[in-house]
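Colleague: Could you take me through this one? I want the core, the charges and the surface.

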Amino acid sequence: MEVSMFLNTLTPKFYVALTGTSSLISGLILIFEWWYFRKYGTSFIEQVSVSHLRPLLGGVDSSSPSNSNTSNGEADSSRQSVSECKVWRNPLNLFRGAEYNRYTWVTGREPLTYYDMNLSAQDHQTFFTCESDHLRPADAIMQKAWRERNPQARISAAHEALELEDCATAYILLAEEEATTIMEAERLFKQALKAGESCYRRSQQLQHHGTQYEAQHRRDTNVLVYIKRRLAMCSRKLGRTREAVKMMRDLMKEFPLLSMFNIHENLLESLLELQNYADVQAVLAKYDDISLPKSATICYTAALLKARAVSDKFSPEAASRRGLSTAEMNAVEAIHRAVEFNPHVPKYLLEMKSLILPPEHILKRGDSEAIAYAFFHLQHWKRVEGALNLLHCTWEGTFRMIPYPLEKGHLFYPYPICTETADRELLPMFHEVSVYPKKELPFFILFTAGLCSFTAMLALLTHQFPELMGVFAKAFLSTLFAPLNFIMEKVESILPSSLWHQLTRI
């Protein structure tokens, strides 16, 4: 009785305030859920439910002894995932002064992220410095220059080092960051080569005299390899492709153990430009090995060569009638293998997604690697007649073989879950990062959005038409409780009145 009296005393303003408050709370939850999903790729409410509420409600404890084998398997997969999420130096990275900065001058956009440039600074300190740099004044200056964040301060330090002596690393910095054309960069790299070879020969004779000299020789070797590789890339960019191929082959013969630089990927791109497909196949035979780490360049170049054998005569209608020939089947399998390794590449090759300048570092199997590959290799796919048509007809079939790519792969390990987060750090803000597998909006976000919209609409209608909404509310409640009233009437008619009287008293 008291409850009914309390409800009767409530005014429409109370209901307006109630629905408005609930609408506000729902809106705040929706905004937080959406932000959390965009940042971390999962629903906060769902994560809390699974991680904290489920164990309290009697969920299975994954750390129990009975699940020890499963846990070990998951640990192995997680270790593999971490190793696959390692960030690598882009073998075909552009020149900052001659290419990245020119893009900034024209568009006003920064193509490199702070995270990417910070990784490059760490690479430079690792490859171009050593503990004995303090013994040579120019090297001591350059050791500080590589740590500078301000580009102008780095360039000034390089000029200061060159005033003391011919310093190879100072020439490298100027060629990378100050030179505004590839020809100017090549000129500076040639000067760096002269200084670098002199230091390399000197440290080569002293490398066995102690650990300090050994570290200095290792640094001089890295510097020399870097200079020769960049000179080969300058030749490639200036149209002297055969000269670039010769320089890369000589470099790989001279320093066969420095596979971390991935010079073979530069060689593959240059050979494709020359349309020397037999030599491309020979390089692939050496590096497309089960024991060596894969890359998009390796997988998609292998697919391109197999597609080249059948793509000019391939017709999806004819293939559906007669079935695929052996050569066509091999080409399709190679495309499926490449797409499983990096599923982001086809959209760039088929120009379904716009390209941007590739970053200085890439994440294997990620969007950054796809951009770097397509930026340089799209022209090679276009040159092979029908190759893009074959790719367009077959690439989506890969996903039928791996319906749950984060749990189980087909030819490779399961797709790592960390790629989206790392790619967002590597790629500029104006680029829409490609996500695989595509995440659907969680149920909680959709439910909160619906609840927020519904309560906001109720608040507005109650405020504008309080009497009409009261009529609707009564009609709604009477309809809602109609089945219950019907059941109660039936019970009253069936049960004896005395028994029903006793029950009501209870």
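Modeller: The core comes first, then salt bridges, cysteines and a surface patch. This is a predicted model, where local features need pLDDT of at least 70, side-chain atom pairs count only at pLDDT 80 or more, and totals for chains, interfaces and linings use all residues. Residues are numbered from 1 along each chain as its sequence is written, and side-chain values use heavy atoms, with hydrogens and water left out.

Colleague: How many residues are in the largest nonpolar core?

Modeller: The largest nonpolar core has 93 residues. A core here is a set of buried Ala, Val, Leu, Ile, Met, Phe, Trp, Tyr and Cys residues joined through side-chain atoms within 4.5 Å. Buried means under 20% relative accessible area, exposed over 50%, and partly exposed in between, with a 1.4 Å probe and protein chains only.

Colleague: Which helix gives the largest share of this core?

Modeller: Helix H15 (residues 296-308), with nine residues. Helices (H or I, at least four residues) and strands (E, at least two) are DSSP runs, numbered from the N terminus. Domain 2 (93-261) and domain 3 (276-457) each give this core at least three residues; the domain bounds come from an automatic or database domain assignment.

Colleague: Charges next. How many salt bridges are there in the whole structure?

Modeller: The search finds 20, each a side-chain nitrogen of Lys or Arg within 4 Å of a carboxyl oxygen of Asp or Glu. One of them joins Arg 96 and Glu 360, with the closest N and O atoms 2.9 Å apart.

Colleague: Where do Arg 96 and Glu 360 lie?

Modeller: Arg 96 is in helix H5 (residues 96-107) and Glu 360 in the loop between helix H18 (345-349) and strand E2 (361-363), so the pair ties together parts 264 residues apart in sequence. Both residues are buried. Arg 96 and Glu 360 also belong to a salt-bridge network with Arg 154 and Glu 177.

Colleague: How many disulfides?

Modeller: Zero, taking a disulfide as a pair of cysteine sulfur atoms within 2.5 Å. Cys 299 counts as buried because its relative accessibility is 1%.

Colleague: And the surface: which residues make the nonpolar patch?

Modeller: Phe 454, Met 457, Leu 461, Phe 465, Leu 468 and Phe 472, over about 590 Å². Patches take residues with over 30% relative accessible area and no salt bridge, joining like charges within 9 Å and nonpolar side chains (Val, Leu, Ile, Met, Phe, Trp, Tyr) within 5 Å. Areas use the Shrake-Rupley method with a 1.4 Å probe, and for residues only the protein chains shown count as cover.

Colleague: Which helix gives the most to the patch?

Modeller: H23, with three residues.
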